[in-house]
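Trainee: I would like a close look at a single part of this model. Please pick one helix, go through its surroundings, and then work outwards.

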Amino acid sequence: MISKEQFDKEIELIISNAIREDVGDGDHSSLACIPETAKGKAKLLVKDDGVIAGVEFAKKVFAYVDEDMVVETLIEDGSDVKYGDIAFYVEGASQSILKAERLVLNAMQRMSAIATKTKKFVDLLEGTGTKILDTRKTTPGIRALEKWAVKIGGGENHRFALYDMIMLKDNHIDFADGVAKAINLTKQYLKDTERDLKIIVEARNLEEIKEILDCGGVYRILIDNFNYEDTRKAVKLIGDQCLTESSGGINEHTVRKYAECGVDYISSGALTHSVYNMDLSLKAV
């Protein structure tokens, strides 16, 4: 993953771009009927059950819109919530609360859905030693938020983007004319460019796993679309030579069985691309 400093910068960019998109040259609905000096207070009302996520992000949004707004946090990120809970109160200029409202809700609803789904996977893996990973199957422009939500839900982040880790998948291997050639070319590229990046390689069968191990220097092997029996064989073959990761259509019904095959990680794009937003509201009080 990227550094904390770079991650924070990604969050800043998300906020500035979202406010630009939503506010434009002004929130004319509020400007038209609410005095600039008016003060107000609102509560973040939970209208669903699950894991809350995005409280800290909301604080950043409010501070970006108006540094004088004050947030009283009642429920922290990662907490279980139920219908009727109040996550926080925000107090300040009424115009500022309304300007920030939609971004806060849009982000928190999606982040909470992702955190809730991730927590379900984490609970299913309890006691196995296997960790759940996200993927790059995220919403363009808000990847940092969605990966943040995975962490809040108890999951782990895979690579952030194309630049912070090498991941040789089926198309790379086919275009490079074989897995061994792809790995050797990658090692030379990293040496020539003086980059220190971990290498993950996808294997489509046990023969490719043997080729990958013969090459050496790989951080993790992605055991992709294997059945349970072949996954167990792959884990035994790899041993402690590198880390292992299962992927490929793994869901709530199959994740435990794959973990019991002994893999270190299971990655699931569904954590971020197949969720239903949690119902939240920001209500004046």
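Mentor: Let us take helix 5, residues 143–152. Keep in mind that this is a predicted model.

Some context comes before the detail. The chain has 285 residues, and 48% of them count as buried. Its secondary structure comes to 11 helices and 12 strands. Along the principal axes, the C-alpha atoms fill a box of roughly 70 × 40 × 25 Å. Take the contacts between residues at least 6 apart in sequence: 70% of them join residues at least 24 apart.

Now the helix itself. Of the 10 residues in helix 5, 8 are buried, so the helix is largely enclosed by the rest of the structure. The buried set begins with Ala144, Leu145, Glu146 and Lys147. Trp148, Ala149, Val150 and Ile152 complete the set. Note that Glu146 and Lys147 are listed among the buried residues.

What do these buried residues pack against? Their partners are helix 1 (4–23), helix 3 (55–65), helix 4 (94–124) and helix 11 (270–273). Just after helix 5, the backbone has a feature to check: Gly154 takes a positive phi of about 100 degrees.

Trp148 deserves a separate look. The structure has 4 aromatic pairs. One of them joins Phe57 and Trp148. Their rings lie edge-to-face, 6.5 Å centre to centre, with 85 degrees between the planes. Phe57 belongs to helix 3 and Trp148 to helix 5, so the pair ties together parts that are 91 residues apart in sequence. Phe57 and Trp148 are both buried. Ring pairs also bring in Phe7, which forms a cluster with Phe57 and Trp148.

Stay with helix 3 for a moment. Phe62 pairs with Phe88, again edge-to-face. Here the centres are 6.0 Å apart and the planes meet at 85 degrees. Phe62 sits in helix 3, while Phe88 sits in strand 5 (residues 86–93). The two residues are 26 apart, and their pair links distant parts of the chain. Both Phe62 and Phe88 are buried.

Next come two of the packing partners of helix 5, namely helix 1 and helix 4. These two also pack on one another, at an angle of about 115 degrees, with axes 10 Å apart. The crossing of helix 1 past helix 4 is right-handed. Helix 1 makes this contact through Ile15, Ala18, Ile19, Asp22 and Val23. Helix 4 makes it through Lys99, Arg102 and Leu103.

Helix 4 also holds Gln95. Is Gln95 buried or exposed? Its relative accessible area is 17%, so Gln95 counts as buried. Beyond its neighbours within four places in sequence, Gln95 is in contact with Ser30, Leu31, Ile34, Pro35 and Glu36. Pro140 lies 45 residues from Gln95 along the chain, and their C-alpha atoms are separated by 29 Å.

Now move away from the helices. Thr244 lies in strand 10 (residues 243–247). At 2% relative accessibility, Thr244 is buried. Leaving aside neighbours within four places in sequence, Thr244 is in contact with Arg220, Ile221, Ile223 and Ile238, among others. Gly262, Val263, Asp264 and Tyr265 are also in contact with Thr244. Two of the residues touching Thr244 are Arg220 and Tyr265. The charged end of Arg220 sits over the ring of Tyr265, 4.7 Å from the ring centre. Elsewhere, Lys41 lies over the face of Tyr89, at 4.7 Å from the ring centre.

After strand 10 comes a loop that leads to helix 10 (255–259), and Thr254 lies in this loop. Thr254 is buried, with a relative accessible area of 18%. Apart from neighbours within four places in sequence, Thr254 is in contact with Tyr228 and Gly249.

Last, the cysteines. How many disulfides does a search of the whole structure find? The search finds 0. Why is Cys215 not bonded to Cys242? Cys242 holds the closest cysteine sulfur, but that sulfur is 12 Å from the sulfur of Cys215, too far for a bond. Cys215 is buried, at 18% relative accessibility. Cys33 counts as exposed, because its relative accessibility is 61%.

Methods. Residues numbered from 1 in each chain as written. Predicted model: local features only at pLDDT ≥ 70, side-chain atom pairs only at ≥ 80, totals over all residues. Heavy atoms only, no water. Disulfide = S-S within 2.5 Å. Buried < 20%, exposed > 50% of the residue type's maximum accessible area, 1.4 Å probe, protein only. Helix = DSSP H or I, 4+ residues; strand = E, 2+ residues; numbered from the N terminus. Contact = heavy atoms within 4.5 Å. Phe/Tyr/Trp six-rings, centres within 6.5 Å; stacked < 30°, edge-to-face > 60°. Lys NZ or Arg CZ within 6 Å of the ring centre and 35° of its normal. Axes fitted to C-alpha atoms, helices over the stretch in contact; angles between N-to-C directions. Left-handed = near helix turned anticlockwise from the far one by under 90°.
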